[in-house]
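Subject: Structure handover

Hello,

Here is the structure I promised you. Please open it before reading on.

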Amino acid sequence: MLRKTLIILFLFLLPSCAPEFEKKPVDIVWPLPPDEPRIKYVDYIRGSMDIVKKKKFTEALFGEESLDVFIKPYGVTVDRQGRIYVTDKGRVWVIDLEKGEYTFLGTEPGIGRLANPIGIATSSDGRVFVADVSQDRVFVYKDGKPVALIGHEGEFKSPSSIAIDEKRNRIYVCDSNSHIINVYNLDDYKKIMTIGKRGHDKGEFNFPTNIALNSEGHLHVVDTGNWRIQVFDPDGNLVRTFGQIGDVPGTFTRPKGIGIDSEDHIYVVDAAFENVQIFDKEGRLLMPFSGPGIEPGQLSLPAGLFVDHNDRIYVVEQVNKRVQIFQYMGKKWKESQKK
């Protein structure tokens with residue numbers, strides 16, 4: 001009887017509660033007209049209310065299914081099938097927006113249980129690589145189950161980001177508190193080399209946090225404590241650096257996530273500016289987009305960033321507890337609009 005009364009009360013109040021969950025279409029682009037738009041806002045994800053189909057969401061509200069939300073998201077990646085992976089407190093979300101479904105990795109008891117996953121990457125054969133900064137290990141999953149660990153005990157001090165180069169059969173692991181990048185074989189996970197050491201000179205790091213690869217296999221490292229981006233070739237040789245501390249466009253205060261699109265444009269999140277800056281391959285500033293706030297298209301304490309093979313840009317926010325999706329309206333996007 002009590003449950004029935006609560007359901008009736010809920011249905012009566014539902015219209016007043018709806019705005020919290022419903023999304024209104026918004027049209028946001030950067031730069032503003034009359035300039036040609038380069039970036040457009042697409043959508044955001046806060047949890048199951050933005051993933052599951054409407055019928056399933058209603059069931060969740062009535063207790064037949066759980067209502068899940070992001071707790072402390074940080075990293076994000078997307079596999080070739082379009083599934084979105086988001087690292088969160090004690091788990092990794094695996095999101096399929098097309099099917100309206102999601103699952104979790106790393107929540108089952110045992111060797112593969114996660115504590116504080118941060119970095120994440122996927123390979124074309126279905127492996128998922130997760131860096132856990134509390135356990136100082138990189139976990140490897142396949143078909144939802146743990147299959148390997150990378151790094152022996154004491155090898156990592158704070159693994160924070162992962163990048164995979166399948167052409168050269170390598171996996172790069174950024175170890176923030178060790179101020180280095182370790183490079184491993186993608187098959188047997190044996191270490192190939194180490195890039196960098198602690199310092200402020202070129203080629204040295206001060207708490208690097210995030211990494212990404214361009215089309216040439218050049219490794220881009222967010223050298224957060226030195227307020228710059230450093231670029232290395234596949235042999236570990238320094239190619240260039242760009243950026244410095246500052247409060248004007250083209251400089252950094254708290255750089256975090258990094259991603260690279262199909263045209264080798266470099267996207268860098270700044271958690272202090274609460275925006276994303278776009279640079280060309282040589283490190284020249286092209287434009288910033290977004291800014292501080294809670295509305296669609298605005299950011300609050302952004303962290304991880306990833307650009308998928310369709311040039312969609314995914315940005316994780318820790319205060320707003322969501323993943324925002326943007327679209328680079330470049331050559332690939334323009335070609336897709338002709339089909």
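Below are notes on one sheet and one arginine.

Please keep in mind that this is a predicted model.

The sheet

Five strands form an open sheet in the order S1-S2-S25-S24-S23. The pairing is antiparallel. Strand S1 (29-30) sits at one edge and strand S23 (302-307) at the other, each pairing on one side only.

Look next at the pairing of S2 with S25. Strand S2 covers residues 39-45, and strand S25 covers residues 322-328. Six bridges link them, in the antiparallel sense. To find the register, start from Tyr41: Phe326 in S25 stands opposite.

The arginine

Arg168 lies in the loop between strand S11 (159-165) and strand S12 (170-175). Is this residue buried, exposed or partly exposed? Arg168 has a relative accessibility of 30%, so it counts as partly exposed. The reason is in the cut-offs: buried means under 20%, exposed means over 50%, and partly exposed is in between.

What does Arg168 contact beyond its neighbours within four places in sequence? The partners are Glu216, Gly217 and Pro234. Gly217 is 49 residues from Arg168 along the chain, yet their C-alpha atoms are separated by 8.2 Å.

Two polar links involve the Arg168 side chain. One is a polar contact with the side chain of Asp165, at 3.0 Å. The other goes to backbone: the Arg168 side chain reaches the oxygen of Glu216 at 3.1 Å. Glu216 is thus also among the contacts listed above.

Best wishes

Conventions. Residues are numbered from 1 along each chain as its sequence is written. This is a predicted model: local features need pLDDT of at least 70, side-chain atom pairs count only at pLDDT 80 or more; totals for chains, interfaces and linings use all residues. Side-chain values use heavy atoms; hydrogens and water are left out. Two strands pair if DSSP finds at least two bridges between them. Helices (H or I, at least four residues) and strands (E, at least two) are DSSP runs, numbered from the N terminus. Buried means under 20% relative accessible area, exposed over 50%, partly exposed in between (1.4 Å probe, protein chains only). Contact means heavy atoms within 4.5 Å. A polar contact is a pair of N or O atoms within 3.5 Å; within protein, one must be able to donate a hydrogen and the other to accept it, and residues adjacent in sequence count only if both atoms are side-chain atoms.
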